[in-house]
Amino acid sequence: MTVVTTSRKAAPEVRSLAKDLAFALGYAFFTRGKMGLHELNSIDTSFLILSTEPAGTRMQIFSSGEPVADYLVANLTIEDRTGTMSNEVSVTDQSVYDVMKPYIRVAMSREKGGTMIFDGTRRRRYLLGLKPYGIQCGTAGTP
């Protein structure tokens, strides 16, 4: 089971995004508090952290305590969901899909509107524009 958490002192918007992403992925969300990366790794060897950077919201995926994917949410749109709720997280960029697929439940999609698309709680649909940030995201399984 993969877990989703935030930086230690996350802004309310980042915490809300992380909770809804955990919901969409079917993963556990928990408040990190003073927990370091070593403690996170002891709970689960695969985890996702959302944090606030000067440039925006950062999404990092860790496996065995090492970062395997690092993205900046370049733009974020939250819409009111109409119709039925999708129970999958869709990715529209093949390179992002190739990097994420070994670590989290994502599906490739041709839907327009963002690099990552998912339905959260309270009838919200998230459209995230992701761009590589920090570590270079390479081919599947390679940071």
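This tour moves through one sheet of the structure, with strand β4 as its centre. The model is predicted.

**The whole sheet.** Begin by displaying the strands. Nine of them form an open sheet with mixed pairing, in the order β2-β1-β3-β4-β5-β9-β8-β6-β7. Select residues 28–29 and then 107–108: these are β2 and β7, the edge strands, each of which pairs on one side only.

**Strand β4.** Next, select residues 56–63, which make up β4. In the sheet order, β4 stands between β3 and β5. Six of its eight residues are buried, so β4 is largely enclosed by the rest of the structure.

**The β3 side.** Add residues 46–53, which form β3. Strands β3 and β4 run antiparallel and are joined by eight bridges. Follow the chain from β3 to β4, and a hairpin of two linking residues comes into view. To locate one pair across these strands, select I49 and Q60; I49 stands opposite Q60 in β4.

**The β5 side.** Now add residues 66–80, the extent of β5. This strand is also antiparallel to β4, and seven bridges join the two. Which residue of β5 is the bridge partner of Q60? Selecting D70 shows the answer, as D70 is that partner. With I49 of β3 still selected, Q60 can thus be viewed with I49 opposite and with D70 as its partner in β5. For another pair between β4 and β5, select R58 together with L72, its bridge partner in β5.

**The turn.** Finish at the hairpin formed by β4 and β5, where two residues lie between the strands. Select S64 in this turn; its phi is positive, at about 55°.

Technical notes:
Residues numbered from 1 in each chain as written. Predicted model: local features only at pLDDT ≥ 70, side-chain atom pairs only at ≥ 80, totals over all residues. Heavy atoms only, no water. Pairing = 2+ DSSP bridges. Helix = DSSP H or I, 4+ residues; strand = E, 2+ residues; numbered from the N terminus. Buried < 20%, exposed > 50% of the residue type's maximum accessible area, 1.4 Å probe, protein only.
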